[in-house]
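I opened the model to look up three things: cavities, salt bridges and cysteines. My entries follow in that order.

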Amino acid sequence: WCKSAFTGTLPEIPGPVPNVDPWNPSHDYDYDLIVIGGGSGGLACAKEAMTINPDLRVCLLDFVKPSPAGSKWGLGGTCVNVGCIPKKLMHTAALYGDYARDAALYGWEGGVTKNHSWQTLRDNTQDHIKGLNFGYRVELREKGISYLNKLAKFVDAHTLEVSDKKGSKTITGARIVVAVGGRPSPLQCEGAELAITSDDLFMKSEAPGKTCVVGAGYVALECAGFIQGLRQAEVTVLVRSILLRGFDRDLTATVHSALLHHGVNIREGVMPASISRQDNGRLLVKMTDGSEDEFDTVLAAVGRYADSPGLNLEAVGVRTDPKNGKIICVNEQSSVPNIYAIGDVVHGVPELTPAAIKAGILLAHRLFAESRELMDYSKIATTVFTPLELGTVGLTEEAAIDKYGAENVDCVMSSFQPLEWTVAHDNHEGTTCVAKIVIRTDQDKEVLGIHIAAPNAGEIIQGLAVAFRKGLTHRDLLGTVGIHPTTAEEFTTMKV
């Protein structure tokens with residue numbers, strides 16, 4: 001750099017750069033910022049912008065298109081209404097059933113309640129969600145953010161047509177952030193319209209009953225796990241190829257085994273060929289292997305697509321991926337300089353609520369506080385809330401080998417049972433937990449990935465994720481004095 005400076009040529013210095021768009025604080029648009037989508041990311045971005053500068057004119061648009069089955073919900077997006085929040089509450093309900101069965105072996109007398117009330121769980125869950133919906137609206141009003149319950153469509157780079165049952169109008173914004181998230185993909189078979197999705201499950205008036213879950217991702221397995229855990233009827237999962245693609249295979253094998261132990265019937269290499277309504281009201285599923293069975297509910301969980309159709313993005317020059325409709329961005333900025341995107345609608349980023357929130361906050365600071373900090377989508381921890389939870393951060397063993405070569409990657413692993421299971425051994429016989437550390441052997445045993453399948457895996461991996469971001473080594477873990485007796489302690493003793 002110094003040599004170039006003396007010769008009169010200054011190369012570009014690498015590092016974070018702020019987003020550049022034709023921003024003029026003296027513009028004559030209706031709003032400084034318009035956010036399309038009232039999910040976690042959109043709310044975070046809009047609120048943070050107003051926190052940075054209360055004099056900004058900010059508008060948030062949110063309109064929930066009903067699912068094909070007719071389900072609809074309030075402000076807050078997928079996570080709050082039909083995702084993380086109700087999923088975790090119903091996962092917890094299923095775990096309470098497991099705890100109740102263990103309780104007798106810990107001396108609690110009186111037996112285990114046999115019947116679970118789906119209506120009670122659903123109503124209490126929906127009451128909590130409605131409270132969150134109301135709280136978001138109050139917060140927007142208190143911060144001075146204009147909230148419009150209207151559907152948006154681009155007219156040009158700065159103009160939106162917004163509509164509802166009463167009609168339509170246009171509004172303009174200097175900067176526009178698209179945060180519309182995604183929706184579940186439908187099944188591709190005869191009778192697919194008879195299946196529901198995660199957009200419908202948590203609001204069902206009646207318990208799912210005997211359920212066929214189609215899919216092998218985290219949504220499919222989490223829903224299958226808690227439906228089975230409520231012990232009302234059997235659950236069958238139809239899997240096209242493998243469970244939890246992209247997760248560490250040793251850990252997914254452990255989760256697979258735990259699902260089977262909990263009573264979930266997993267059929268690999270089988271998909272529905274057709275679904276039809278029977279005279280008794282049940283759904284007959286004919287499968288690709290020639291078998292068939294009747295179910296009360298068929299739940300489609302075969303992936304998600306960006307909720308971008310209808311926004312008219314291509315007409316204003318916003319590039320999208322032709323396969324999934326997601327917006328192609330660099331640092332959350334689209335191909336149109338004043339149009340940005342955050343969350344699940346962005347191509348190539350993790351579909352995780354906290355990632356959308358963080359990206360929205362950082363984007364607001366780059367747009368209105370002259371920040372240069374960019375969103376880092378690497379080293380993000382996540383958890384699959386199956387009956388035996390799977391927590392993970394960093395590279396899987398397979399990904400580490402692909403990146404660094406097998407000769408430079410090693411793993412230490414532990415297979416164990418938590419102390420809590422030992423008294424209730426009969427209820428957990430045949431089930432084990434697994435912890436795994438992926439190590440780069442040519443770089444001071446740098447930790448490349450941490451994975452655990454165990455109770456409370458989400459809580460464990462969240463703490464380890466902080467250390468992982470700071471450059472954790474295997475030596476650091478072995479040098480840490482563990483808390484005994486805990487499950488997380490396993491990471492401080494693993495050498496094999």
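**Entry: cavity**

Which helices each supply at least two residues of the lining of the largest cavity? I found that α4 (84-103) and α7 each do so. Helices here are DSSP runs of H or I with at least four residues, strands are E runs of at least two, and both are numbered from the N terminus.

Before going on, I noted that this is a predicted model, where local features need pLDDT of at least 70, side-chain atom pairs count only at pLDDT 80 or more, and totals for chains, interfaces and linings use all residues. Residues are numbered from 1 along each chain as its sequence is written, and side-chain values use heavy atoms, with hydrogens and water left out.

I took a cavity as a set of points, on a 1 Å grid over the protein atoms alone, where a 1.4 Å probe fits but cannot get out; lining residues have an atom within 4 Å of a point. Points are joined across faces, edges and corners, and the volume is the space filled by probe spheres set on them. I got three cavities of 30 Å³ or more. The largest holds about 40 Å³ of space.

I listed its lining: His91, Ala94, Leu95, Asp98, Gly225, Phe226, Gly229, His262 and Pro387. Helix α4 gives the largest share, four residues. By class, the lining has four nonpolar, four polar and one charged residues. For these classes, Ala, Val, Leu, Ile, Met, Phe, Trp, Tyr, Cys and Pro are nonpolar, Asp, Glu, Lys and Arg are charged, and the others, Gly among them, are polar.

**Entry: salt bridges**

I searched the whole structure and got 23 salt bridges (a side-chain nitrogen of Lys or Arg within 4 Å of a carboxyl oxygen of Asp or Glu). I looked up three of the pairs, with burial for each partner. Buried means under 20% relative accessible area, exposed over 50%, and partly exposed in between (1.4 Å probe, protein chains only).

Lys150 pairs with Asp164 at 2.8 Å, N to O. Lys150 sits in the loop between β3 (146-148) and β4 (151-156) and Asp164 in strand β5 (residues 159-164), so the bridge ties together parts 14 residues apart in sequence. Lys150 is buried at 17%. Asp164 is partly exposed at 26%.

Glu234 pairs with Lys210 at 3.9 Å, N to O. Glu234 is in the loop between α7 (218-229) and β9 (235-239) and Lys210 in the loop between α6 (198-201) and β8 (211-214), so parts 24 residues apart in sequence are tied together. Glu234 is partly exposed at 45%, and Lys210 is buried at 14%.

Lys436 pairs with Asp250 at 2.7 Å, N to O. This pair links distant parts of the chain, strand β20 (residues 433-440) and helix α8 (residues 249-261), with the two residues 186 apart. I read 0% for Lys436, which is buried, and 33% for Asp250, which is partly exposed. Both belong to a salt-bridge network with Asp248 and Glu397.

**Entry: cysteines**

How many disulfides does the structure hold? I found zero, with the cut-off set at two cysteine sulfur atoms within 2.5 Å. I checked Cys189: its closest cysteine sulfur, in Cys212, is 9.5 Å away, so the two are too far apart for a bond. Cys189 is buried at 17%. Cys212 is buried too, at 0%.

Key: On a 1 Å grid over the protein atoms alone, a cavity is a set of points where a 1.4 Å probe fits but cannot get out, and a pocket is an open set with protein on both sides within 12 Å along at least five of seven lines; lining residues have an atom within 4 Å of a point.
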